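Here is a set of short exercises, each followed by a worked solution. Have your viewer ready and try each task before reading on.

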Amino acid sequence: MTDLAHYRNIGIFAHVDAGKTTTTERILKLTGKIHKIGEVHDGETTTDFMDQERERGITIQSAATTCFWKDYRFNIIDTPGHVDFTIEVYRSLKVLDGGIGVFCGSGGVEPQSETNWRYANDSEVARVIYINKLDRIGADFYRVVKQVEEVLGAVPVVMTLPIGTEDEFSGVVDLLTEKAWVWDNSGDPMNYTIQDIPADMVELTQEWREKLIDQVADQFDDVMETYLEGETPDVETIKRCIRKGTINLDFFPTFCGSSFKNKGVQLVLDGVIDYLPSPTEVKPQPEVDLEGNPTGTFAIVDADKPLRALAFKIMDDRFGALTFLRIYSGKLEKGTSVLNTFTGKTERIGRIVEMHADVRAELESAQAGDIVAVLGMKNVQTGHTLCDPKFPATLEPMVFPDPVISLAISPKDKAASEKMGIALGKMIQEDPSFHVETDEDSGETILKGMGELHLDIKVDILRRTHGVDVVVGKPQVAYRETITKAVEDEYTHKKQSGGSGQYGKINYIIEPGEPGSGFVFQSAVTGGNVPREYWPAVEKGFKSMLDKGVLAGFPCLDFKVILTDGAFHAVDSSAIAFEIAAKAAFRQSIPKASPQLIEPIMAVDTFTPSDHVGDVIGDLNRRRGMIKSQDAGVSGVRIKSDVPLSEMFGYIGDLRTMTSGRGQFSMEFSHYMPCPKNVAEEVIKEVNERNNAKKK
């Protein structure tokens, strides 16, 4: 039995380019897991093992690895920073107990950092902060600490101070022990000495140490009392206070360093042990019934309890499908059968492996607190719960955002067509934010995803990993349709063709709903004119028509149907008759309710050097953007805006041209808004032309 107190399940997450993958490499080197450090810019890192990751220098899928530091077992997940792949961050955070939030010393709290931080808050994951890249030009540790407070609304508790800045950065002062860790310039993380604090930093150290104790002493009443009486708590007591507050998410211990130069990473690892929770110290996972309602029971982290495991990632590689599991309670043993509560089927556990990026080590069993991968699972998908067949239970499932962009692809020949079907099936299993549909009219395959880069990578994986040559159409925006005025109407479905007929009459009001409300059905029928057993059939009829609006065939959103009255026939009425009546009523009444095209609006966060602000704002205005705020920082200006997705294609190229390659941006779906009349007409015309061309 392994001591769970010595487990740390942690994720490393941050903005693109803040140094997550480089930090992971340093941790693996320090813990003896690898002997040669790989660099992102050389395309040789351990956790970026996909061709696409190595070429682009970004992380696309989260990678898991296990290592040991001072007899503590770290299960680490390195997550992507790019907004198109936040799904990877979200699902990793869902199964982690703690995290390291990495921030760039010169870039500070960047757009994607906010999204990831918000996800971590939602998942209630305790974190330590690591301010990296302090050797870079423009790096300023104290400015980033201030940004964490102001932009993220978090409370950083500073644990280490930098010695020197930019090129002069040589080490850190540990505020708890009041000692300086100084590294030489050999680049070896082990070449350091622990010395007295530099004379010019003694006062600063005292000031920040007092601030640290002020921030954490109130975690325990007795510590607070003795501190107020003028007695400074000892180091172990301060650590106890920091640990409690970190696990409660009251504040976040903040470290600094330079992963690339191998300075400061050891103290972050010590911080993970000292302040982040073990699997037994986090809130247990709530269990739900098959409808998703909480049952009031929890999966207690204990190897002796019945098995509860959550599949949080499917990865296809040359040996077959790997299912990544976080085991919350019980044991998982080779050769045993487990129940998938989503499908209701049992699956046999074949091989259990511990992952080190794309290298694996075979295990006989795993237990509560472990993150492992299992080979050969046939019907398990992301978010499914595996449990002991004798004690079934479902863990809280994951919720994934809807795609906002689509792309039509078609195979070049018949051989490619068969391979494409198999490849896409595997890719859908791996990525829940990636959807595939077939256009019934044209037979084209439609890929749907979270952004241009997301779909670009998917097409690249199809071509290179699966060897499927495809022709790619241009990206399409996920428009929706809604209505703008209320309509009161009635419809009678009557059919007599020998034998029993069909009869159903409904009176109803269709009215616009609140933005984001989707489709709402309500019955206000009194007196039994439409018997209660037919109400679900009416709702089903309307619901079945939502996928194809009347303007251009886009799905319908945000409207409400109120069933007010109707009539039925004792012999000829049936659920199917009322369902058909509702379908026809939709076609009859929606055109009367002033239907309108609505488009996805993206929250765009653009960073630009100060001398290009005018150009960038002018360009966003041309793209029908609404500027919401401008924040000037040391290295440039952040502009937040809301821009229609249809205007954002190719934006990265234009932004780089305007800012001489120095601008960057991130965007995520915000809300739907009505299309301007001229844009709506253009879209409807384009859809009609495409449909006519398909018919020919």
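**Exercise 1: A salt bridge at strand 9**

At 57% relative accessibility, aspartate 196 counts as exposed. The coordinates come from a predicted model, so please read every value here as computed from that model.

*Task.* Find which side chain meets that of aspartate 196 in a salt bridge, and say where the two residues lie.

*Solution.*
- Step 1. The partner is lysine 179, with an N to O distance of 3.0 Å. The cut-off for a salt bridge is 4 Å, so the pair qualifies.
- Step 2. Lysine 179 belongs to strand 9 (residues 179-183), while aspartate 196 sits in the loop between strand 10 (192-195) and helix 6 (202-216). The pair therefore ties together parts that are 17 residues apart in sequence.
- Step 3. Now classify lysine 179: its relative accessibility is 32%, so this residue is partly exposed.

**Exercise 2: From helix 8 to helix 9**

*Task.* Determine how helix 9 (residues 265-275) is placed, buried or exposed, and find which residue forms a salt bridge with aspartate 274.

*Solution.*
- Step 1. Of the 11 residues of helix 9, 10 are buried, so the rest of the structure largely encloses this helix.
- Step 2. Among the buried residues are Val265, Leu267, Val268, Leu269, Val272 and Ile273, and also Gln266, Asp270 and Tyr275.
- Step 3. Aspartate 274, by contrast, is partly exposed, with a relative accessible area of 25%.
- Step 4. The salt-bridge partner of aspartate 274 is lysine 239, and their closest N and O atoms are 3.4 Å apart. This pair links distant parts of the chain, since lysine 239 lies in helix 8 (residues 235-247) and aspartate 274 in helix 9, 35 residues apart.
- Step 5. Lysine 239 has 22% relative accessibility, so it counts as partly exposed.

**Exercise 3: The surroundings of strand 4**

*Task.* For strand 4 (residues 98-104), work out how many residues are buried and which strands pair with it.

*Solution.*
- Step 1. Count the buried residues: 7 of the 7 are buried.
- Step 2. Sort them by face. In a regular strand, side chains alternate between the two faces of the sheet. One side of strand 4 carries Gly98, Ile100, Val102 and Cys104, the other Gly99, Gly101 and Phe103, and both faces are covered.
- Step 3. Look at the pairing with strand 1 (residues 7-14): the two strands are parallel and share 5 bridges. Here isoleucine 12 stands opposite isoleucine 100.
- Step 4. Turn to strand 5 (residues 126-132), which is also parallel to strand 4 and joined to it by 7 bridges. In this pairing, valine 102 stands opposite tyrosine 130.

**Exercise 4: Charges, paired and unpaired**

*Task.* Find how many salt bridges the structure holds, then locate a surface patch of negative charge.

*Solution.*
- Step 1. The structure holds 28 salt bridges. One of them joins lysine 305 and aspartate 302, at 3.9 Å from N to O. Lysine 305 is partly exposed at 38%, and aspartate 302 is partly exposed at 26%.
- Step 2. Asp619, Arg622, Arg623 and Asp654 are linked in a salt-bridge network.
- Step 3. The negative patch gathers Asp218, Asp221, Asp222, Glu225, Glu229, Glu231 and Asp250 on the surface.
- Step 4. Zoom in on aspartate 222, which lies in helix 7 (residues 221-228). Its relative accessible area is 47%, so aspartate 222 is partly exposed.

Methods. Residues numbered from 1 in each chain as written. Predicted model: local features only at pLDDT ≥ 70, side-chain atom pairs only at ≥ 80, totals over all residues. Heavy atoms only, no water. Patch = residues over 30% accessible without salt bridge, like charges linked within 9 Å, V, L, I, M, F, W, Y side chains within 5 Å. Areas by Shrake-Rupley, 256 points an atom, 1.4 Å probe, with all protein chains shown as cover. Lys, Arg positive; Asp, Glu negative; His and termini not counted. Charge placed at Lys NZ, Arg CZ, Asp CG, Glu CD. Helix = DSSP H or I, 4+ residues; strand = E, 2+ residues; numbered from the N terminus. Buried < 20%, exposed > 50% of the residue type's maximum accessible area, 1.4 Å probe, protein only. Pairing = 2+ DSSP bridges.
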